[in-house]
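Visitor: Please take me through one part of this model, up close, and follow the side chains and backbone from one residue to the next. I would also like the cut-offs behind each term as you go.

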Amino acid sequence: YVYARGLMTGYGSGELFGPVDSLARVHVALILYRLEGEPETTGESRFPDAAEEWYADAVAWADEAGIMTGYSNGNFGPADNITREQLAVVMYRYAQMKGQDVSAQADLSQYQDAGSVSEFALTAMKWAVAEKILTGKYGQTVLEPQGNGLRAEYAAILMRYLEASGQ
C-alpha cells in the first residue's frame with residue numbers, strides 16, 4: 001500500500017523493504033513530506049544536523065508544519081530511532097495540521113503498560129488507539145510506547161490513517 005503510493009521505498013535497488021527494521025526520525029519526516037507532495041519550504045533548517053543533507057527539505061517542512069520538533073540541544077536527530085509513542089504524536093499533529101477531528105480518546109487501561117506512556121504522548125496515544133491507527137501488540141495486551149517503531153508498523157499505521165481519513 002505505502003510502496004504503491006510512493007510513500008515508502010525499499011533499500012538499495014528497492015528489492016528489500018526491511019519490515020522489522022527500526023524507523024529513523026528522518027524517515028517519518030520524509031514519508032509525510034512525500035504524502036504532502038513534497039511542498040516548498042523556506043529551505044532553511046534550524047537543525048544543524050539536518051541542514052545540508054539530502055533530507056533537509058523534508059525535515060524543514062515537518063518542523064515548519066509543526067509535525068516534528070527537534071531536541072532541546074537544537075538538533076533534529078535524523079538517525080535516531082522513533083518510538084511508537086512518538087509515532088502517535090507525529091500522526092496526531094499531522095491530523096491536526098490536516099484539520100481533522102482529534103478529539104477521540106481511548107481508555108488505555110486494558111494495556112499492561114499503559115502507565116509507561118510518557119505524559120507528552122498521552123493525548124496522542126489515546127487518540128491513535130481510539131481511531132485504531134495504532135494497535136496493541138501481543139494479543140492487544142501492550143502498547144510498547146517506548147519500543148522502536150518498525151517499518152512494517154508504520155506502513156500499517158499510515159494505511160489505517162489514510163483509509164480512515166479518506167485520503
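Guide: Let me start with a term: a polar contact is a pair of N or O atoms within 3.5 Å; within protein, one must be able to donate a hydrogen and the other to accept it, and residues adjacent in sequence count only if both atoms are side-chain atoms. This is a predicted model, in which local features need pLDDT of at least 70 and side-chain atom pairs count only at pLDDT 80 or more, while totals for chains, interfaces and linings use all residues. Residues are numbered from 1 along each chain as its sequence is written, and side-chain values use heavy atoms, leaving out hydrogens and water.

Let's begin at Asp113, in the loop between H3 and H4; helices here are DSSP runs of H or I with at least four residues, numbered from the N terminus. A polar atom of the Asp113 side chain lies 2.7 Å from the backbone nitrogen of Glu144. Glu144 belongs to the loop between helix H4 (122-130) and helix H5 (151-165), and its phi is positive, about 50°, although Glu144 is not a glycine. Most residues other than glycine have a negative phi. Glu144 is partly exposed because its relative accessible area is 26%, with buried meaning under 20%, exposed over 50% and partly exposed in between (1.4 Å probe, protein chains only).

Back at Asp113, the residue is buried yet has no salt bridge, that is, no side-chain nitrogen of Lys or Arg within 4 Å of a carboxyl oxygen of Asp or Glu. The nearest side chain of opposite charge to Asp113 is Arg84, 7.2 Å away; Lys and Arg count as positive and Asp and Glu as negative, while His and the chain ends are not counted.

So where does Arg84 sit, and what does its side chain contact? Arg84 is part of helix H3 (residues 84-97), and it counts as buried because its relative accessibility is 3%. Its side chain makes a polar contact of 3.2 Å with the side chain of Glu153.

One more stop is Leu23, in the segment before H1. Leu23 counts as buried because its relative accessibility is 0%. The C-alpha atoms of Leu23 and Arg151 are separated by 5.5 Å, although the two residues are 128 residues apart along the chain.

How values were computed:
Helices (H or I, at least four residues) and strands (E, at least two) are DSSP runs, numbered from the N terminus.
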